[in-house]
Structure formats: structure tokens, C-alpha cells
Amino acid sequence: MKQFPIAVIIEKACLENRWASEKWEAIGVIPAFDAAVDAPPRRIFADDQREHFLAGHFPLQLFRDEVDNYHLNLTSPEPRVFVMWRMEQGADGDFAKPIEVTLSYGEAARWLDSGEQCDGVPMPPEIADWLGDFVNTHYKPAVRHKVKRNDPFAGKRPR
């Protein structure tokens with residue numbers, strides 16, 4: 001198992017909508033080799049319409065049994081880091097707290113299927129290089145077998 005520490009950038013955007021006053025989403029990740037493991041989220045940007053927060057220290061982990069999903073992600077037109085987050089209530093109000101991160105399409109799909117909030121954010125080049133090394137070492141394309149179809153004329157001689 002290999003790890004790459006990252007921090008997640010979460011955006012809170014104001015909405016002019018009768019049903020919701022704000023929208024939360026993960027918008028990016030950055031390498032976090034020097035970040036404290038239990039550091040609280042901190043605001044890194046704010047204007048009239050939005051705020052950005054840098055949250056956590058999350059270890060991206062690679063597992064050999066997910067290598068097919070990593071390969072699929074890496075060879076897609078826009079490779080992604082997937083961030084699962086949950087709304088939490090705190091002293092300062094609601095906050096979209098990142099819970100887990102992955103590079104696996106399969107894991108992200110399982111999160112979405114179970115009703116979790118999951119955003120895909122662009123994969124930084126450092127992570128793409130690190131993932132590429134892992135995929136190049138462990139990925140083995142599936143062996144393709146010729147499919148035999150039921151042929152009603154198989155074995156009959158032409159007239």
C-alpha cells in the first residue's frame with residue numbers, strides 16, 4: 001500500500017435561490033506533505049459570493065486490487081481525485097467536511113451508489129505521475145477471449 005498526503009479545497013458559494021442559500025463542493029486538492037494530520041479547516045479565500053477552505057490531511061492510498069479502476073481514471077480525458085464529504089454542524093455553522101479521498105472510479109461509484117456526496121476534482125500532475133508509476137508497475141490488461149456465438153449454420157456443408 002502506497003500513500004500520498006493531500007489537503008482538499010472546499011468551496012462555499014452563495015446562491016440566490018428560495019430553497020437553498022448556499023452550495024458546497026470540493027473544487028481541488030493539493031499535496032500536503034507538511035500539513036498536520038488533525039489540522040482544522042481554514043479559510044484561504046473569500047469574496048462576496050464564495051469562500052474557499054483548506055481542509056484536512058488525507059492519505060491517498062493505492063491498492064493493487066483497484067488497479068483496473070486507477071488505469072481507467074488515468075487514461076480518461078480528465079483524470080480525477082474523488083472526494084467524499086458530509087455536512088456537519090459546528091459552532092460556526094454548517095460545513096462540508098471531507099471524509100475520504102480516492103483515485104478509484106469504482107470506489108467513487110460505490111460512494112455515490114450508497115447516497116454519499118462525492119465530487120471529482122482535477123488531478124494535479126504530481127499525483128498523476130505518482131499514480132502512473134503504480135499503474136505501470138501493477139496493471140495487467142485483461143486477456144481477451146474470442147466469444148463463440150450460437151451459429152445455426154455451424155457444421156453444415158454448403159450445397
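Good morning. In the classes used here, Ala, Val, Leu, Ile, Met, Phe, Trp, Tyr, Cys and Pro count as nonpolar, Asp, Glu, Lys and Arg as charged, and the others, Gly among them, as polar. The structure before you is a predicted model. I shall begin with the sheet and then turn to the pockets.

The model contains an open sheet of four strands in the order 2-1-4-3, with antiparallel pairing. Why is one side of strand 2 and of strand 3 left without a neighbour in the sheet? These two strands stand at the edges and each has a single partner strand, so one side of each remains free of a neighbour there. From one strand to the next, the twist averages 35°.

Let us go through the pairs. Strand 1, residues 2–14, runs antiparallel to strand 4, and eleven bridges join the two. Within this pairing, Ala13 stands opposite Arg50 of strand 4. Strand 1 is also joined to strand 2, again antiparallel, by nine bridges, and here Ile9 stands opposite Gly28 in strand 2. Strand 3, residues 42–46, is linked to strand 4 by four bridges and runs antiparallel to that strand. Arg43 has Phe53 of strand 4 as its bridge partner. The connection between strand 3 and strand 4 is a hairpin through three residues.

A helix also packs on this sheet. Helix 3, residues 125–138, lies across strand 1, strand 2 and strand 4, and runs at about 140° to strand 1.

I turn now to the pockets. The largest pocket has a volume of about 450 Å³. Its lining comprises 22 residues, of which Pro41, Phe53, Asp92, Asp94 and Phe95 are the closest to the centre. Phe53 thus appears in this list as well as being the bridge partner of Arg43. At least two lining residues come from each of strand 2 (22–31), strand 4 (50–62), strand 5 (80–90) and strand 6 (93–102). By class, the lining holds ten nonpolar, four polar and eight charged residues.

The second largest pocket has a volume of about 210 Å³. Which of its 14 lining residues are the closest to its centre? They are Gln61, Phe63, Glu100, Val101 and Thr102. Strand 4, strand 6 and helix 2 (105–113) are the elements that give two or more residues to this lining. By the classes with which I opened, the lining of the second largest pocket has six nonpolar, three polar and five charged residues.

To close, I return to strand 4: this strand pairs with strand 1 and with strand 3, and contributes to the lining of the largest pocket and of the second largest pocket. Thank you.

Methods
Residues numbered from 1 in each chain as written. Predicted model: local features only at pLDDT ≥ 70, side-chain atom pairs only at ≥ 80, totals over all residues. Heavy atoms only, no water. 1 Å grid on protein atoms, 1.4 Å probe; cavity = no way out; pocket = protein on both sides within 12 Å on 5 of 7 lines; lining within 4 Å. Points joined across faces, edges and corners; volume = space filled by probe spheres on them. Pairing = 2+ DSSP bridges. Axes fitted to C-alpha atoms, helices over the stretch in contact; angles between N-to-C directions. Contact = heavy atoms within 4.5 Å.
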